Amino acid sequence: MSSSKGASTAVWFVLRRLTRDRSALLGFALIVALLLAALLAPVLSTHPDDVFELHPSERLRAPSRAHWLGTDRMGADVYSRLLFGARITILIGVIAVGASLIVGVPVGLVAGYYHGWVSDLLMRVSDVFLAVPQVVLAIAIAQTLGPSLPNVILALSATYWPWFARVAYAETRSIQKEVFVESTAALGASPWRLTALHVLPNIASPIIVRASIGMGFTILTAAALGFLGLGPPPPTPEWGRTIAESREFLPDAWWYATAPGLAIFLTVMGFNLLGDGLRDVLDPRLRRTHTARDE
Amino acid sequence: MSAPSSAPLLEIVDLVRYFPLRNAFGRRTAWLRAVDGVSLSVQPGETLGLVGESGCGKSTLGKTAIGIYTPTAGDIWFAGREIGRLPPRERRRVARDLQYVYQDPGASLDPRWKIVHSLHEPLKIHTRLSRTERAREVGAILSAVGLPDAHLDLYPHELSGGQQRRVGLARILTLRPRLVILDEPTSGLDVSVQASVLKLFRSLQETFALTYVFISHDLSVIRATCARIAVMYLGKIVEHGDKTAIFEEPRHPYTQSLLAAVPRIGGRRVTLDFALQGEPPDPRAVPSGCRFRTRCPLAQDVCAAEEPALRELDGRRVACHFA
Amino acid sequence: MSEPLLSVRGLHVDFVTDRGVALVLDGVNLDIGPGEVVGLVGESGCGKTTLARAILGILPPGAARIRGGEVRYRGQDLLRADPIAVNDRVRGRGITFIPQDPFTSFSPVFPVQTQIMDLMKWKSPRAGNGDGAPSPFRRYPRERYRADREAVLDTLRAVQIPEPARALRRLPHEFSGGQRQRLMIAMALLPRPDLIIADEPTTALDVTIQAQILRLLRTLVKERGVSVLFTTHDLGTAHEICDRIVVMYAGQEVEAAPTAAFFSHPAHPYTRRLLASVPTPDGEIRDIPGEVPSLVEPPAGCRFHPRCDYASAECRSARPAPRMRAAAHAVSCYHPVDAPPGSDA
């Protein structure tokens, strides 16, 4: 409420600055393309039913006018499955990163705010989770609970939240030292008010940057998990699994692996470029305080 | 203790604040004795000056009184109530009446908040006034500090340093506090800007019936604004009492050196006669007995053995065996 | 006065800022004689630091532009001389510098000795004049090193650093602010300069330490016949250490006088107001109405006229030229005041 108006002008300000950075714009464009592909998959795809239907007679056809990116081993249109696969990708990315954020940021905030055993405990717990490789945890979960989309998301969130906790912790600690935090506390503000209204808005930037870069990282790992067969089972058109399927048909059916591989590459690059651009725009600009005093 | 005309508004009794010093492993190796047994009282309506050089503990004293630090030992009595050991929620309520101004009051504003929200915030924390009522209060305070309403819609970085300072002050005054601790409010300011700021403080004191504790290292500013002063050195008060008496005839050797160091315009150069050598000792390793003895021209054996207590002398109180 | 050691004439410096071009120095004139301590007094934004940096030639290259004027050192215009020769012979040798902030003047990772001996390698009075171009392989002959090191130890004793040989091996953070300023004074004296530019060297120090440093600095420079340009915003400090005082306001110098005359007969309205705003024991506070002008669009003519009680039409149109009121006492004003200080509002 207090800074909502400030937030919308800030968003506008950020977007304007972002347009000056070409690589960030490229990243932004790639992500928009991904979103459009996912949202409009039924409209944009040429063979929308190929997600479920099989046409074994048409298997492994090279790219043609009928099938823009060729067909896979079941005869399904690679292009259409790619578009629907974008939905999976976004779903995994958003939920995994979202869950990590929701768990990690409050942990980091609390650890940063308090000093002493609470803070130590929380950060040690997050260190433990950081030490677990995502793939190993995903395999373990898949073994016990079976390979599926929710389990992939669980594995990814469980291993990614410590990154948010770390960022939130470091930023909270440094913001705490700022005069305006101390003075607002001296005015009688409760820790809740301080954290929610003063600390959180001021640490939002690095968290947003981490979220954007995290999306790229998460999607890449999700694809790796899908490749290993730990992700959603067929016929879900998940990109990583598609690559796994294509292996035995390489190098003849080159389109089969290239299409999803390129899609993953462009998506991850898009998020990384956007994240870098955001970092340049958000951090130095909004941290800088103008002083009227000159030479 | 000289009999006060009325009950003191703020009374500090044997206040102690230590900071632990830790080595690389986090183990406590020593204590930094920032405030080491300070007693003071502040009468309603007066301006008490707290003077000392860097490292003497005057800022720590102010921050402990206001509650930013909790006391290691000792009492803080405000308006008849002990506040140093209150639970956090109660302590936050005291902020209504007892406030603190930073050296740069503009820095106390959240850079992402518009001025209007920063000014409403104290009232939101402490009162249940409606938005219109709050707006009226804020408007009144703004004119008291001499700022136009148009500034409400701006962010701190869009104002000049002087305007930021006024906003910072306004924010505190919305609560109508009774006592305000001013921590080095004129440090680093040009002399003409300093004069404007001091004038502002004076007018605010009249308008809002404020009591001030004025912390500064600048003796000429203290002399112009305060009626009673306390001189601090390495965590303790060495001389304390009426300003005129102390400035005209300082009794403690440190006070004498301090006054002798201040350049006087017109007349003999003070540095020609200035005799005090050396630097203040490391506050982590405070000398035994009297802390000033390592630089004091009057030091004797008893100074190392026994710490001098504050005693009445010539209308003020001095902590020295030989004053 | 004999030929001035340093003579600044008509110096115009602009700064490029976000809000436009700031006319930071507006045709400033300044003379410093040999062995003279000149105080440059003024408030924030008056241009004193810019002037000091312009003399040294260390203005930020992208932002600052010298539009005109000359800086003559020993008769030679530094602004138009060969920059490599100036760097080799003048900067850090003929003219040295003491910065304001003692806490950032040393690199924290090297012992003090490394930095001082580095200075001596390039700027020692025993070093010959190089052909100009600094060679990364320039040798430091053993004998010169030893002679230099002796000189360093002597100078450290002169600035009252205890146990100089041990002190040299320590890191900067082991010294207090006052001790670091003593080291800076030593480093400014070692090249045997003609002129030291000291930029508010005691502003960051406690008053008792300041008194020690001022006394030390004045003693040493008088012993060695070194001139000092001492910038400060504190009139009391200027009174303590300076032989002559020059006041600047918003990029213009307004009054220059020997110290005693300056404080007993200030003539320029700004100087008088400045002196009056120093807090006095009686508790009365006098400030100066108005604000320091923006240098991007400064007032025409005399830049103080919007705040001046005596301003007239000519003040608004043309900047007053300096006029002599008494021996060595110059005022740039159309309405200099004759009365003793404190007699106006």
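## A walk through three chains

Start with helix α9 of chain B, residues 253-261: seven of its nine residues are buried, which leaves the helix mostly covered. Keep in mind as you click around that this is a predicted model. To see the covered part, select Pro253(B), Tyr254(B), Thr255(B), Ser257(B), Leu258(B), Leu259(B) and Ala261(B), the buried residues of α9(B).

**Strands of chain B**

Stay in chain B and pick Ser41(B), which sits in strand β2. Is Ser41(B) buried or exposed? Its relative accessibility is 17%, so Ser41(B) counts as buried, the cut-off being under 20%. Now show what touches Ser41(B): leaving aside neighbours within four places in sequence, you should find Pro8(B), Leu10(B), Glu11(B), Glu46(B), Leu48(B) and Arg228(B).

**Aromatic rings**

Next, look for rings. Over all chains, a search of the whole structure turns up 20 aromatic pairs. Select Trp68(A) and Tyr79(A) for one of them: this pair is tilted, with 4.9 Å from centre to centre and 40 degrees between the planes. Trp68(A) is in the loop between α3 (41-44) and α4 (78-113) of chain A, while Tyr79(A) is in helix α4 itself, so the pair ties together parts eleven residues apart in sequence. Colour the two by accessibility and you'll see Trp68(A) partly exposed, at 47% relative accessible area, whereas Tyr79(A) counts as buried at 14%.

Hop to chain B for another pair, Tyr18(B) and Trp31(B): their ring centres are 6.2 Å apart and their planes meet at 40 degrees, so this pair is tilted. Tyr18(B) belongs to strand β1 (residues 10-22) and Trp31(B) to strand β2 (residues 28-42), so here the rings tie together parts 13 residues apart in sequence. Trp31(B) is partly exposed, with a relative accessible area of 36%.

Then go back to chain A and select Tyr160(A), Trp163(A), Phe164(A) and Phe217(A), which ring pairs link into a cluster.

**A bend in the usual pattern**

While you're in chain A, zoom in on Pro251(A), in the loop between α10 (239-246) and α11 (254-287). The peptide bond leading from Leu250(A) to Pro251(A) is cis, with omega near -5 degrees.

**Helices of chain C**

Now for chain C. Show helix α3 (residues 112-123) and helix α4 (residues 142-158): they pack at an angle of about 120 degrees, and their axes are 10 Å apart. That angle makes α3(C) oblique to α4(C). The crossing is right-handed. To light up the contact, select Gln113(C), Ile116(C), Met117(C), Met120(C) and Lys121(C) on α3(C), then Arg144(C), Tyr145(C), Asp148(C), Arg149(C) and Val152(C) on α4(C). These residues divide into five nonpolar, one polar and four charged.

Follow chain C into the loop between α4 and α5 (164-168), where you'll meet Gln160(C). Its phi is near 65 degrees, a positive value in a residue other than glycine. Glu163(C) is in the loop between α4 and α5 too, and has a positive phi of about 50 degrees although it is not a glycine. Glu163(C) is partly exposed, at 46% relative accessible area.

**Last stop**

Finish at helix α10 of chain C, residues 269-276: seven of its eight residues are buried, so the rest of the structure largely encloses it. Among them are Pro269(C), Tyr270(C) and Leu275(C). What do the buried residues of α10(C) pack against? Select α6 (191-208) of chain B, along with β3 (37-41), α8 (235-241), β9 (244-249), β10 (252-258) and α9 (259-264) of chain C.

Terms used. Residues numbered from 1 in each chain as written. Chains lettered and ligands numbered in written order. Predicted model: local features only at pLDDT ≥ 70, side-chain atom pairs only at ≥ 80, totals over all residues. Heavy atoms only, no water. Axes fitted to C-alpha atoms, helices over the stretch in contact; angles between N-to-C directions. Helix = DSSP H or I, 4+ residues; strand = E, 2+ residues; numbered from the N terminus. Parallel < 35°, antiparallel > 145°, perpendicular 65-115°, else oblique. Left-handed = near helix turned anticlockwise from the far one by under 90°. Contact = heavy atoms within 4.5 Å. Nonpolar A, V, L, I, M, F, W, Y, C, P; charged D, E, K, R; others polar. Phe/Tyr/Trp six-rings, centres within 6.5 Å; stacked < 30°, edge-to-face > 60°. Buried < 20%, exposed > 50% of the residue type's maximum accessible area, 1.4 Å probe, protein only.
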